[in-house]
Amino acid sequence: MARRYQTIKTEKKPSGKVGYLPTIYPSLDLSNNDFYIIVREEDRMDLIAQDFFGDSTLWWLVASANDLPGDSMYPPLGFQLRIPGNLNNALSQFENANSNN
């Protein structure tokens, strides 16, 4: 399974240093297989990803699916959070968006 840091592209600068190109987070397609939860106080993105995907490092996928900033593990209380129901499709969309980068 691909991880988001494995697909980050780099480029060599004129100075000889290596720089990272931006990562693109696509709008993930809605699916009838998506799950929805209402965020409670004890919810964190990494714990939600662990519960639904079996992998806490995929927290960014939940944030991306909900257009939430990736700088917090805590989604807004009472927010209806969409969890992509098709993990392989969501990862494929991310990889496709970044393969031409």
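Q: What does a side-chain oxygen of N86 reach at the start of α3?
A: In this predicted model, that oxygen of N86 comes to within 3.3 Å of the backbone nitrogen of N88. A polar contact asks for N or O atoms within 3.5 Å, so this pair qualifies.

Q: How do you know that the span of helix α3 fits its number of residues?
A: Helix α3 covers residues 87-99, which is 13 residues. From first C-alpha to last it reaches 18 Å, close to the 18 Å expected at 1.5 Å a residue.

Q: Which residues of α3 are buried?
A: They are L87, A90, L91, Q93, F94 and N98. These residues cover an arc of only 155° around the axis, which puts them on the same side of α3. As a general point, an α-helix has 3.6 residues a turn, so residues three or four places apart point the same way.

Q: What do the buried residues of α3 pack against, and what does the face turned away from them carry?
A: The buried residues pack against α1 (45-53) and α2 (59-65). On the face turned away from that buried side sit the exposed residues N88 and N96.

Q: What makes N98 count as buried?
A: Its relative accessibility is 2%, and the cut-off for buried is under 20%, so N98 belongs in that class. N98 is part of helix α3, and its side chain reaches the backbone oxygen of F94 at 2.9 Å. That distance is within 3.5 Å, so the pair is a polar contact.

Q: Where does D34 lie, and is D34 buried or exposed?
A: D34 lies in the loop between β2 (18-20) and β3 (35-38). With a relative accessible area of 9%, it falls under the 20% limit, so D34 is buried.

Q: Which backbone nitrogens does the side chain of D34 reach?
A: One is the nitrogen of S31, at 3.0 Å. Another is the nitrogen of G85, also at 3.0 Å. Leaving aside neighbours within four places in sequence, D34 is in contact with D29, R82, I83, P84 and G85.

Q: How many aromatic pairs does a search of the whole structure find?
A: It finds four aromatic pairs. One of them joins Y25 and W60, whose ring centres are 5.8 Å apart with planes at 65°.

Q: Why is the pair of Y25 and W60 called edge-to-face?
A: The centres, at 5.8 Å, are within the 6.5 Å allowed for a pair, and the planes, at 65°, are over 60 degrees apart, so the pair is edge-to-face. Y25 lies in the loop between β2 and β3 and W60 in helix α2, so the pair ties together parts that are 35 residues apart in sequence.

Q: What makes the burial class of Y25 differ from that of W60?
A: Y25 has a relative accessible area of 40%, between the 20% and 50% limits, so it is partly exposed. W60, at 5%, is under 20% and therefore buried. Y25 and W60 also form one aromatic cluster with F94.

Q: Why is the aromatic pair of F35 and F52 called tilted?
A: The rings of F35 and F52 are 5.3 Å apart, centre to centre, with 50° between the planes. That angle is neither under 30 degrees nor over 60, so the pair counts as tilted. F35 lies in strand β3 and F52 in helix α1, so the pair ties together parts that are 17 residues apart in sequence.

Q: How do you know whether F35 and F52 are buried or exposed?
A: F35 has a relative accessible area of 42%, and F52 has a relative accessibility of 33%. Both values lie between 20% and 50%, so each residue is partly exposed.

Q: Which residues have the most contacts inside the largest nonpolar core?
A: They are F53, L58, W60, L61 and V62, in a core of 20 residues. The elements giving two or more residues to this core are α1, α2, β4 (80-83) and α3, and α2 gives the most, with six. More broadly, nonpolar side chains tend to be buried together in soluble globular proteins.

Q: What is V62 in contact with, leaving aside its neighbours within four places in sequence?
A: V62 is in contact with M45, I48, F53, L81, R82 and I83.

Q: How do you know that D46 is buried?
A: D46 has a relative accessible area of 15%, and that is under 20%, so it is buried. D46 has its place in helix α1, and its side chain makes a polar contact with the side chain of R44 at 2.7 Å. Not counting residues up to four places away in sequence, D46 touches S56, W59 and M73.

Technical notes:
Residues are numbered from 1 along each chain as its sequence is written. This is a predicted model: local features need pLDDT of at least 70, side-chain atom pairs count only at pLDDT 80 or more; totals for chains, interfaces and linings use all residues. Side-chain values use heavy atoms; hydrogens and water are left out. Helices (H or I, at least four residues) and strands (E, at least two) are DSSP runs, numbered from the N terminus. The expected span of a helix is 1.5 Å times one less than its number of residues. Buried means under 20% relative accessible area, exposed over 50%, partly exposed in between (1.4 Å probe, protein chains only). The arc is that of the directions from the helix axis to the C-beta atoms. Contact means heavy atoms within 4.5 Å. A polar contact is a pair of N or O atoms within 3.5 Å; within protein, one must be able to donate a hydrogen and the other to accept it, and residues adjacent in sequence count only if both atoms are side-chain atoms. Rings of Phe, Tyr and Trp (its six-membered ring) pair if their centres lie within 6.5 Å; planes under 30 degrees apart count as stacked, over 60 as edge-to-face and the rest as tilted. A nonpolar core is a set of buried Ala, Val, Leu, Ile, Met, Phe, Trp, Tyr and Cys residues joined through side-chain atoms within 4.5 Å.
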